[in-house]
Amino acid sequence: MEKIYQIALSNVDGVGSVFFRQLISYCGSAENVFKAKTDKLLKIPGVGKTVIEGLKNKELITDAEKTLKEAEKQGVQLFFSTDKNYPSRLKPLYDAPAVLYYRGTSCLDHFRSIGIVGTRQATDYGKKVTESIVEQSKPYNPLIVSGLAYGIDITAHKAAIDFGLPTIAVMASGIDIIYPSQHEKYIEQIVANGGIVSEHPFGKQPIRNMFLSRNRIIAGLSDASIVIESAAKGGSLVTAEFANNYHREVFAVPGTLNYKTSEGCNKLIQQNKANIFTKIDDLVEALNWDLEENPDNIKFKKDDVDLSMFTDEEAQVISHLRSHGEMQIDELSWQTQVPLNRLASLLLNLEFQGIIKAMPGKKFGLK
């Protein structure tokens with residue numbers, strides 16, 4: 001029943017992804033939000049007439065019930081930002097989507113991931129570079145994340161399929177509304193080799209601001225984002241901005257002077273908002289990817305550590321990293337319930353002892 005209330009809450013006018021979690025935090029659950037008295041709700045910062053009226057709209061609950069049935073019918077999974085199984089790369093982000101609709105065969109918590117974005121007016125050069133990057137990354141088996149748009153995006157998805165890599169298409173519409181419609185012919189291939197994901201309910205048609213908010217999900221699901229080609233202004237630069245705000249690595253492919261499709265990338269590099277991308281080794285080095293490491297052995301590298309040598313909190317953190325692999329510090333704090341300021345000191349001490357290693361993007365793992 002809580003899922004129904006969470007779906008309904010995510011669709012209340014005036015309740016965005018941040019406010020969604022705030023309301024649940026104040027009331028304890030989405031169901032409690034809907035059942036709370038008006039005077040109590042009005043004490044919550046940000047709650048006004050629009051939100052109150054929305055919470056009284058019983059049709060939202062009915063629609064949410066229909067949504068849940070439709071999800072089951074279409075084989076769509078729902079991930080809520082308050083749940084433990086929510087994608088770990090997104091969970092620590094302040095503006096993580098309240099709910100994700102996902103249909104696919106790949107895990108959203110794939111061991112490694114790369115976001116590849118660029119202009120819809122891609123040149124032949126840009127498309128060839130995109131294909132080359134995907135091919136070069138194959139030994140590391142990353143998840144290729146993009147936005148299903150014309151140009152660079154669809155080239156990245158198709159290259160991932162061709163080279164046997166999983167790929168995720170992040171959509172700016174409801175998961176049942178394929179935009180652009182010309183790319184519907186690729187959807188089943190993408191689902192079979194990865195998946196499609198959206199923060200919007202079924203039947204939601206895309207509008208301009210939804211494409212911009214879609215870009216934050218691409219950045220959030222990726223260990224690093226690569227901008228292949230971009231004009232001086234464009235959605236790819238928004239993706240890069242989000243990635244920088246999330247403290248993720250950003251790369252840009254340099255382009256020919258005086259070409260409009262090169263202006264954005266060259267500007268990102270010039271302003272130190274992106275690393276210059278020349279080959280896959282640039283990204284591998286920045287992310288500290290080790291070709292010999294894989295998900296099967298990473299979790300058990302430190303099984304021989306005697307946990308009795310450490311404090312209870314240190315042992316808890318080591319044990320958690322042993323079971324779950326590399327993790328961002330915010331997520332590690334949330335899952336172990338060790339306060340962030342104390343966890344930072346604890347991790348530094350364990351790093352000095354050679355037990356753990358620090359990685360870009362505030363990620364930590366066993367050494």
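# Reasons behind the labels

Reader: At what angle do helix 8 and helix 9 pack, and how far apart are their axes?

Author: In this predicted model, helix 8 (residues 152-162) and helix 9 (residues 184-193) pack at an angle of about 55 degrees, and their axes lie 10 Å apart.

Reader: What makes helix 8 oblique to helix 9?

Author: Roughly parallel requires an angle under 35 degrees, and roughly perpendicular one from 65 to 115; the angle here is about 55 degrees, which makes helix 8 oblique to helix 9. The crossing of the two is left-handed, and the residues that meet are I154, H157, K158 and I161 in helix 8 with Y186, Q189, I190 and N193 in helix 9.

Reader: Why are helix 1 and helix 6 called roughly perpendicular to each other?

Author: Helix 1 (2-10) and helix 6 (residues 59-74) pack at an angle of about 115 degrees, with 8 Å between their axes. The range for roughly perpendicular runs from 65 to 115, and helix 1 and helix 6 are therefore given that label. Their crossing is right-handed, and K3, I4, Y5, I7 and A8 in helix 1 are in contact with L60, I61, A64, E65, T67 and L68 in helix 6.

Reader: Why are helix 10 and helix 11 described as oblique to each other?

Author: Helix 10 and helix 11 have axes 8 Å apart and pack at an angle of about 50 degrees, whereas roughly parallel would need an angle under 35 and roughly perpendicular one of 65 to 115; the two helices are therefore oblique to each other. They cross in a right-handed sense, with L212, N215, R216, I218 and A219 of helix 10 meeting G235, V238, T239, F242 and A243 of helix 11.

Reader: What makes E199 and R216 a salt bridge?

Author: The rule asks for a side-chain nitrogen of Lys or Arg within 4 Å of a carboxyl oxygen of Asp or Glu, and in the pair of E199 and R216 the closest N and O atoms are 2.8 Å apart. E199 lies in the loop between strand 6 (194-198) and helix 10, while R216 lies in helix 10, so the pair ties together parts that are 17 residues apart in sequence.

Reader: Are E199 and R216 buried or exposed?

Author: Buried means under 20% relative accessible area, so E199, at 17% relative accessibility, counts as buried, and R216, at 7%, counts as buried too.

Reader: How do you know that D223 forms a salt bridge with K363?

Author: The closest N and O atoms of D223 and K363 are 3.7 Å apart, to be set against the limit of 4 Å. The pair links distant parts of the chain, 140 residues apart, with D223 in the loop between helix 10 and strand 7 (224-227) and K363 in strand 12 (residues 363-366). Both D223 and K363 are buried.

Reader: What distance, N to O, puts E241 and K273 in a salt bridge?

Author: The N to O distance for the side chains of E241 and K273 is 4.0 Å, and the pair is accepted because the rule takes distances within 4 Å. E241 belongs to helix 11 (residues 235-245) and K273 to the loop between helix 12 (260-270) and strand 9 (275-276), so the salt bridge ties together parts that are 32 residues apart in sequence. Partly exposed stands between the limits of 20% and 50%, so E241, with a relative accessible area of 37%, is partly exposed, and K273, at 35%, also counts as partly exposed.

Reader: Which residues do salt bridges that share partners join into one network?

Author: The network consists of R89, D223, E326 and K363. By the same distance rule, the count of salt bridges comes to 10.

Reader: How do you know that the buried residues of helix 2 line one face of the helix?

Author: The buried residues of helix 2 (residues 17-27) are S17, F19, F20, L23, I24 and C27. Seen down the axis of helix 2, these residues fall within an arc of 165 degrees, so they line one face of the helix. Their cover includes helix 1, helix 3 (30-35), helix 4 (38-41), helix 5 (49-55) and helix 10 (208-221).

Reader: Why is S146 called buried?

Author: S146, found in strand 4 (residues 143-146), has a relative accessible area of 0%, and the limit for buried is under 20%, so S146 counts as buried. Leaving aside residues up to four places away in sequence, S146 touches I116, D153, A156, H157, I168, A169, V170 and I218.

Technical notes: Residues are numbered from 1 along each chain as its sequence is written. This is a predicted model: local features need pLDDT of at least 70, side-chain atom pairs count only at pLDDT 80 or more; totals for chains, interfaces and linings use all residues. Side-chain values use heavy atoms; hydrogens and water are left out. Buried means under 20% relative accessible area, exposed over 50%, partly exposed in between (1.4 Å probe, protein chains only). Helices (H or I, at least four residues) and strands (E, at least two) are DSSP runs, numbered from the N terminus. The arc is that of the directions from the helix axis to the C-beta atoms. Contact means heavy atoms within 4.5 Å. Axes are lines fitted to C-alpha atoms, for helices over the stretch in contact, and angles run from 0 to 180 degrees between N-to-C directions. Angles under 35 degrees count as roughly parallel, over 145 as roughly antiparallel, 65 to 115 as roughly perpendicular and the rest as oblique. A crossing is left-handed if the near helix is turned anticlockwise from the far one by less than a right angle, and right-handed if clockwise.
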